[in-house]
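Colleague: I should like to learn how surface patches, strands and pockets are read from a model. May we take them in turn?

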Amino acid sequence: MPLAALLPALLLAVTPAVPVPAPAAPVPTPAPSARLAKVVVGDFVLAGAAHPDLGRVLSDAAARGVQGTAGLAVMGQGEISAILGLEKTRQMMGCGEEQGCVSELGKALDADFLVSGTLTLLERTALLTVRFIDVRRNQTQSRTTAMLLDATEAELVDGATRLAHEAVTGKKLDTSGTVRVSVSRSGADVTLDGKSLGASPVTGTQRVLEGPHTVTVQKAGYIRWSTTVNVAAGQSVAVEAELVPLVLQGEAARSRLWTWGWVSAGVAVSTGAAGVLFGRMADSSYKKYQAATERSTAVQLHDETKLRTTMANVSWGIAGTAAVASVGLLVTAIVQDARAANDLAPAEPPTPGLSTTKKVTTASAEVQPLPGGAALALVIPF
């Protein structure tokens with residue numbers, strides 16, 4: 001083999017191999033954070049006999065229904081007024097459903113969507129409508145409507161919340177709970193938030209909006225019962241009304257009169273006995289004082305007699321006051337018991353042929369003639 005042909009092979013065998021670096025892997029770039037779509041909730045446009053401030057209240061309710069939706073940032077009336085100014089906000093919020101005005105509002109606020117609502121009141125009927133508008137495309141994405149009969153302001157506010165949530169998310173929102181009322185007595189009038197539920201027992205449950213609700217129970221001869229419960233969405237609240245008869249209240253009051261009357265009588269007896277005891281002790285000290293022959297002993301017995309006399313007088317004073325109070329309380333208790341028994345006694349039918357006399361309801365004094373004089377008769381009814 002020629003030398004010229006072997007030379008390249010020899011050179012390749014002697015030259016060391018140089019490693020070839022591998023191409024570097026591309027550095028991953030972080031993905032940009034997702035931008036939240038901005039949703040502006042405007043004032044509701046009112047028609048009919050609606051209070052002007054109701055538009056702002058319904059707007060706030062609609063904003064509550066939209067808040068918390070994934071991917072959306074809600075802008076309420078406070079933020080809108082801060083950006084556009086109060087006067088400009090009033091002008092734009094009053095444009096209603098005009099598409100050109102909606103686009104202008106969206107561009108001014110750099111919004112992606114707009115929630116717009118209207119309320120029309122015609123006599124007893126309220127028509128509530130909410131639209132979800134794509135500001136960039138200048139078109140309505142969805143519309144929800146509800147017709148309410150004899151609706152209260154609370155029901156209108158709840159309707160705005162539910163319709164706004166349904167228009168934006170496509171899902172219905174349940175904002176109601178239930179109240180179950182049970183009464184210890186039958187035949188009682190039961191009202192819920194001023195609306196009658198009929199006479200007890202009340203069957204079934206009452207569906208109410210979330211929030212506070214007042215239950216009132218009334219029956220003749222019983223104390224009026226009332227309470228306020230707070231009902232959350234999806235919650236069931238049990239209300240149990242325990243009616244207390246007025247007669248029992250009267251019995252408790254009369255029982256207290258008897259108790260305090262006898263307590264006063266006990267105080268009168270005990271302090272009277274103490275007065276007798278201190279009086280005898282004072283007499284004994286006085287006799288010793290009279291028989292004393294030394295001045296120091298006489299002074300001591302004089303002071304002792306004076307102290308015991310004072311204690312006796314104080315005891316008699318307390319006994320007299322307690323006795324008067326006892327008599328007054330016990331007499332009052334007797335009178336009250338007699339009146340209660342008379343009220344509870346069944347009325348007797350009049351006897352045929354006999355004239356009925358009117359019951360004496362006031363005290364009266366009569367002079368009865370007697371041989372050689374007269375007597376004064378005092379009549380006190382019980």
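Modeller: Certainly. This is a predicted model. Let us begin with Ile-318, which is found in helix α8.

Colleague: Is Ile-318 buried, partly exposed or exposed?

Modeller: Buried means under 20% relative accessible area and exposed means over 50%, with partly exposed in between. Ile-318 has a relative accessibility of 41%, so it counts as partly exposed.

Colleague: Which residues make the nonpolar surface patch with Ile-318?

Modeller: Trp-260, Val-263, Val-267 and Val-314 join Ile-318 in a patch of about 440 Å². At least two of the patch residues come from each of α7 (246-291) and α8 (295-344). With three residues, α7 gives the most.

Colleague: How do the side chains alternate along strand β13?

Modeller: One reads the strand residue by residue and asks which face each side chain points to. In β13 (residues 236-241), Val-237, Val-239 and Ala-241 point to one face and are buried. Ser-236, Ala-238 and Glu-240 point to the other face and are not buried.

Colleague: In which sense does β13 pair with strand β7?

Modeller: The pairing of β13 with β7 (residues 176-183) is parallel and runs over six bridges. One of the residues to examine is Val-239 of β13, the bridge partner of Val-181.

Colleague: What volume has the largest pocket, and which residues are closest to its centre?

Modeller: The volume of the largest pocket is about 440 Å³. It is lined by 21 residues, of which Ala-154, Glu-155, Asp-193, Leu-209 and His-213 are the closest to the centre. Two or more lining residues come from each of α6 (153-169), β9 (195-199), β10 (206-209) and β11 (211-218). The largest share, five residues, belongs to α6.

Technical notes
Residues are numbered from 1 along each chain as its sequence is written. This is a predicted model: local features need pLDDT of at least 70, side-chain atom pairs count only at pLDDT 80 or more; totals for chains, interfaces and linings use all residues. Side-chain values use heavy atoms; hydrogens and water are left out. Patches are made of residues with over 30% relative accessible area and no salt bridge: like charges are joined within 9 Å, nonpolar side chains (Val, Leu, Ile, Met, Phe, Trp, Tyr) within 5 Å. Accessible areas come from the Shrake-Rupley method with a 1.4 Å probe; for residues, only the protein chains shown count as cover. A salt bridge is a side-chain nitrogen of Lys or Arg within 4 Å of a carboxyl oxygen of Asp or Glu. Helices (H or I, at least four residues) and strands (E, at least two) are DSSP runs, numbered from the N terminus. Buried means under 20% relative accessible area, exposed over 50%, partly exposed in between (1.4 Å probe, protein chains only). Two strands pair if DSSP finds at least two bridges between them. On a 1 Å grid over the protein atoms alone, a cavity is a set of points where a 1.4 Å probe fits but cannot get out, and a pocket is an open set with protein on both sides within 12 Å along at least five of seven lines; lining residues have an atom within 4 Å of a point. Grid points are joined across faces, edges and corners, and a volume is the space filled by probe spheres set on the points.
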